[in-house]
Amino acid sequence: MRPPAQVTLTPAPLLLTLLLLLLTPPSTGTITNPTTLPTPPMGFNNWSRFMCDLNETLFVTTATAMQTTGLQAAGYTRLNLDDCWMETARLPNGSLSWNTTKFPRGIPWLAAHLGSLNFTLGIYQDAGNATCGGYPGSYGHEALDAATFAEWGIDYLKLDGCNVFPAANRTLQEEYRHRYANWHTILSTQAAASAHARKPLIFSESAPAYFAGTADNTDWYKVMAWVPRYGELARHSTDILVYAGAGSAWDSIVNNYDYNVLLARYQRPGYFNDPDFLIPDHPGLTLAEKKSHFALWAVMGAPLIISAYIPGLGEEVMQVLRNERLIAVDQDALGLQATLAVRGVAEGVDVLTRSLGDGGRVVGVLNRGNETVDLEVAVERLGLQMGCEYEAEDLWDGRVVRVEGSLVVEGLEKHATGVWRVRVPDGCKVVPTGIVFNTASGRCLTAVEGEREGKGVGFETCEALDAQVWQVTAQGALRPLSSAALCLTAAAGEVSVQACEGGADQKWEYAVSGNLRNAKTGECLTEGDALVGACLVEADTQVFGLPSGVALV
């Protein structure tokens with residue numbers, strides 16, 4: 001496999017997005033044409049709350065409740081069926097049919113009814129021989145199923161990946177790619193052939209989830225590299241804990257959050273990383289944890305798909321789900337995902353930042369620890385220029401505070417997330433700033449105090465040191481906050497921090513694969529004894545997360 005194309009680091013994501021739209025050929029979906037899904041989807045899915053206990057009544061009453069509670073007006077307009085909606089066998093002509101006990105008036109009726117209420121209906125299928133619940137899968141019937149869904153008025157397809165077995169000439173990863181690419185082609189062709197030039201179904205791909213959590217991330221990253229070409233969102237990891245499931249719902253949320261922060265480089269308008277459903281009525285969650293779940297998904301620009309009994313949600317939870325300030329962040333047109341500015345600024349605390357389309361920044365502070373914390377985060381760590389006066393709006397209560405040297409966070413209780421939207425005054429620069437971390441080990445690139453084996457740089461446990469927070473310049477240089485006069489430098493098979501002089505040895509290029517390649521030597525940053533080496537494809541030692549605001553293609 002050929003190494004992925006490299007691109008120069010640049011802090012101008014909006015400009016790059018516009019250029020990509022101008023330079024890429026026309027297509028019917030995915031990142032090559034973000035108009036299919038320019039912002040993350042919002043709506044409802046039955047799975048985490050009800051699993052196979054879905055039926056017509058559930059969806060009709062859910063739609064009514066979403067209207068009367070204001071959820072629809074807030075943007076939640078997609079209602080999606082999950083597994084177990086169909087009969088256990090195909091019809092004699094090979095087509096699917098719905099379970100007539102669960103859906104006595106049929107799926108087409110339900111789609112039309114929801115359409116009359118200004119909702120859309122989505123559906124579930126599987127790329128394998130059978131769904132995860134044992135119902136007929138799509139394999140060998142893809143074109144027929146796509147035509148059936150179009151005829152029924154379906155707008156959204158979640159394609160799961162159970163029961164997929166590779167052909168003799170393909171690896172398992174190649175088999176998944178073959179099947180999901182085939183679905184993409186069918187959906188695109190179907191849309192192009194439509195007399196009404198209909199958009200393709202929103203295509204939600206579950207393929208990456210079947211490669212997550214292994215000792216070697218290479219195949220997971222290979223799948224992540226192609227899903228943005230074929231669909232609009234991808235569920236990349238473990239299912240969020242179901243309502244009746246054993247274990248901690250909070251741990252499940254944090255687990256999926258931790259997966260999501262590894263993948264920010266893939267997200268852009270037209271494709272969104274999906275850490276799975278919102279579960280706001282799970283009995284194992286406190287109100288603070290429910291709020292935190294919603295805030296984290298919004299800050300990361302994730303799909304907001306609720307899996308709960310909507311008519312039974314209390315007003316406190318409804319206020320969270322309708323929070324227009326957080327929804328606006330989630331739906332921001334720039335389409336970026338927040339990344340880690342610092343990790344460990346206090347015990348168990350992550351700080352996330354992200355650029356917004358209006359030139360501002362959003363800041364999220366997650367307290368994953370078990371004690372209430374107070375802290376200050378210097379504006380430089382947030383990618384903001386020192387010496388400017390900023391206004392930060394608390395996205396929970398709307399209060400606006402002035403910020404000069406630091407953002408002050410007081411009384412952040414355990415498992416809570418504080419969120420602020422920072423207005424950047426004219427003339428004040430935003431510089432992509434944050435940790436550079438290996439996504440396999442979790443360790444941070446660190447400018448070492450004094451020389452260490454002649455390198456002055458290494459990988460250490462992330463402890464929110466200034467030596468672990470890096471600014472990315474417009475020229476592609478990386479410099480630690482501990483010394484803005486030093487830049488990450490490659491020479492003679494070594495990496496060090498040296499006085500910034502602007503040479504090619506201090507220019508780094510970042511690939512969507514996560515490779516960080518030196519422009520002079522052509523070698524890639526590596527976590528290991530050498531710290532630099534020949535560029536590999538999706539190798540754990542060479543896949544890095546970089547700060548928000550660095551443009552990625």
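This is a short walk through one structure, covering its open sheet, one arginine and its disulfides.

A caution before the details. The model is predicted. Please keep that in mind for each distance and angle.

Let's start with the sheet. Eight strands make up an open sheet, and the pairing is parallel. What is the strand order? It reads 8-7-6-5-4-3-2-9. Which strands stand at the edges? Strand 8, residues 272-274, and strand 9, residues 304-306. Each of these two has a single partner strand, so one side of each has no neighbour in the sheet. From one strand to the next, the twist averages 25°.

Now into the middle of that order. Take strand 3 and strand 4. They pair in the parallel sense, and three bridges hold that pairing. One position to click on is N80, whose bridge partner in strand 4 is G122. How does the chain get from strand 3 to strand 4? It goes through helix 5, and this β-α-β crossover is right-handed.

Next pair along: strand 4 and strand 5. Again the sense is parallel, here over five bridges. Two positions to look at. Y124 stands opposite K158 in strand 5. Q125 has L159 of strand 5 as its bridge partner. The connection from strand 4 to strand 5 runs through helix 6, and this β-α-β crossover is right-handed.

Is strand 4 mostly covered or mostly open? Mostly covered. Of its seven residues, six are buried.

Now the helices on the sheet. Helix 7 lies across strand 5 and strand 6. Its direction is at about 175° to strand 6. Helix 8, residues 218-230, packs on the sheet too. Which strands does helix 8 touch? Strand 6, strand 7 and strand 8. The angle between helix 8 and strand 6 is about 170°.

On to a single residue, R78. Where is R78? In strand 3, which spans residues 78-80. Buried or exposed? The cut-off for buried is under 20% relative accessible area. R78 comes in at 15%, so R78 counts as buried. What does its side chain meet? The side chain of D155, through a polar contact of 2.3 Å. The wider surroundings of R78, setting aside neighbours within four places in sequence, are L37, P41, M42, G43, F44, T120, D155, Y156 and I202. Two of those names tie back to the sheet. T120 falls in strand 4, residues 120-126, and Y156 in strand 5, residues 156-160.

Last topic: the disulfides. How many are there? The count is six. How are they wired? Counting bonded cysteines along the chain, the pattern is 1-2, 3-4, 5-6, 7-8, 9-10, 11-12. I'll show three of them.

One is C52 with C84, sulfur atoms 1.9 Å apart. This pair links distant parts of the chain, 32 residues apart. C52 is in the loop between helix 2 and helix 3, while C84 is in the loop between strand 3 and helix 5. The two ends have their own accessibility values. C52 is partly exposed at 29% relative accessible area. C84 is buried at 0%.

Another is C132 with C162, sulfur atoms 2.0 Å apart. The S-S torsion is about 95°, so this disulfide is right-handed. Here too the pair links distant parts of the chain, 30 residues apart. C132 sits in the loop between strand 4 and helix 6, and C162 in the loop between strand 5 and helix 7. C132 counts as partly exposed at 39% relative accessibility. C162 counts as buried at 17%.

The final example is C487 with C500, S to S 2.0 Å. Its S-S torsion is about 100°, so the disulfide is right-handed. Where do the two cysteines lie? C487 is in strand 24, residues 486-491, and C500 is in the loop between strand 25 and strand 26. The pair therefore ties together parts that are 13 residues apart in sequence. C487 is buried, at 3% relative accessible area. C500 is partly exposed, at 32%.

To recap. The sheet has eight strands, paired in parallel. R78 is buried, and its side chain has a polar contact with D155. The disulfides number six. That's my tour.

Methods
Residues are numbered from 1 along each chain as its sequence is written. This is a predicted model: local features need pLDDT of at least 70, side-chain atom pairs count only at pLDDT 80 or more; totals for chains, interfaces and linings use all residues. Side-chain values use heavy atoms; hydrogens and water are left out. Helices (H or I, at least four residues) and strands (E, at least two) are DSSP runs, numbered from the N terminus. Buried means under 20% relative accessible area, exposed over 50%, partly exposed in between (1.4 Å probe, protein chains only). A polar contact is a pair of N or O atoms within 3.5 Å; within protein, one must be able to donate a hydrogen and the other to accept it, and residues adjacent in sequence count only if both atoms are side-chain atoms. Contact means heavy atoms within 4.5 Å. A disulfide is a pair of cysteine sulfur atoms within 2.5 Å. Two strands pair if DSSP finds at least two bridges between them. A crossover is right-handed if, with the strands pointing away from the viewer, the path from the first strand over the helix to the second runs clockwise. Axes are lines fitted to C-alpha atoms, for helices over the stretch in contact, and angles run from 0 to 180 degrees between N-to-C directions.
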